[in-house]
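Here are my comments on the model you sent, set out as numbered points. They begin with the chain as a whole and then turn to its charged residues.

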Amino acid sequence: MTAPLARMLGREPEVDDVFREIPSPVRMAQRQAWLRAFMSQQWQDQSSELHAWRRDMLDAVHQFPGPVVVFTHFLVINTIVGD
């Protein structure tokens, strides 16, 4: 998916694990229900693990020296944009 943009920009895509999908404390079978509940809550209601996930992403974004494109999951994007 990133190849056309990378070619256009003359850049190689870089993979950064900090922009990984939100970690969930439940098995895959319960993940959908957990995500629904998570999305209806506030950050102050979240676990320290989720606060660390969010902080690591935001720290990485603030270290970019200029414009950047991040291909990732929607919850990652919403977390970054909502900061």
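**Notes on the predicted model**

1. Read along the sequence, the chain follows the pattern α-α-α-α, and its secondary structure comes to 4 helices and 0 strands. The radius of gyration is 15 Å, well over the 12 Å that the globule rule gives for 83 residues, so the chain is more spread out than a compact globule. Please keep in mind throughout that this is a predicted model.

2. On overall dimensions, the C-alpha atoms of the chain fill a box of roughly 40 × 25 × 20 Å, taken along the principal axes. Of the 83 residues, 23% count as buried, and the accessible surface of the chain comes to about 6,500 Å², of which 54% belongs to carbon and sulfur atoms.

3. Turning to contacts across the sequence, among those between residues at least 6 apart, 55% join residues at least 24 apart. One pair that is distant in sequence is Asp59 and Val18, which are 41 residues apart along the chain and 9.6 Å apart in space, C-alpha to C-alpha. Asp59 has its place in helix H3, residues 48-63, and is partly exposed, with a relative accessible area of 38%.

4. As for charge, the chain has 8 positive and 10 negative charges, and the mean positions of the two sets are 6 Å apart. Side chains of opposite charge can pair when their charged atoms come close, and a search of the whole structure finds 3 salt bridges, which the next points take in turn.

5. Which parts of the chain does the pair Arg31 and Glu21 tie together? The side chains of these two residues meet in a salt bridge, at 2.7 Å from N to O. Arg31 lies in helix H2 (residues 28-39) and Glu21 in the loop between helix H1 (3-9) and H2, so the pair ties together parts that are 10 residues apart in sequence.

6. Is Arg31 buried or exposed? At 10% relative accessibility Arg31 counts as buried, because the cut-off for that class is under 20%, whereas its partner Glu21 is partly exposed, with a relative accessible area of 37%. Leaving aside its neighbours within four places in sequence, Arg31 is in contact with Glu21, Ile22, Ser24 and Val26, so that the list includes the salt-bridge partner, Glu21.

7. A further salt bridge joins Arg11 and Glu14, whose closest N and O atoms are 3.5 Å apart. Arg11 counts as exposed, at 53% relative accessibility, and Glu14 is exposed as well, with a relative accessible area of 68%. In describing this pair, I would ask that the accessibility of each partner be stated alongside the distance.

8. The remaining salt bridge is formed by Asp56 with Arg55, the closest N and O atoms being 3.7 Å apart. Here Asp56 is partly exposed, with a relative accessible area of 32%, and Arg55 also counts as partly exposed, at 46% relative accessibility.

9. Taken together, the picture is of a predicted model with 4 helices and 0 strands, in which 23% of the 83 residues count as buried. Within it, the salt bridge of Arg31 and Glu21 has a buried arginine, Arg31, in helix H2, while the salt bridge of Arg11 and Glu14 has an exposed arginine, Arg11.

Note on methods
Residues numbered from 1 in each chain as written. Predicted model: local features only at pLDDT ≥ 70, side-chain atom pairs only at ≥ 80, totals over all residues. Heavy atoms only, no water. Helix = DSSP H or I, 4+ residues; strand = E, 2+ residues; numbered from the N terminus. Rg over C-alpha atoms; globule rule 2.2 N^0.38 Å. Buried < 20%, exposed > 50% of the residue type's maximum accessible area, 1.4 Å probe, protein only. Contact = heavy atoms within 4.5 Å. Areas by Shrake-Rupley, 256 points an atom, 1.4 Å probe, with all protein chains shown as cover. Lys, Arg positive; Asp, Glu negative; His and termini not counted. Charge placed at Lys NZ, Arg CZ, Asp CG, Glu CD. Salt bridge = Lys/Arg side-chain N within 4 Å of Asp/Glu carboxyl O.
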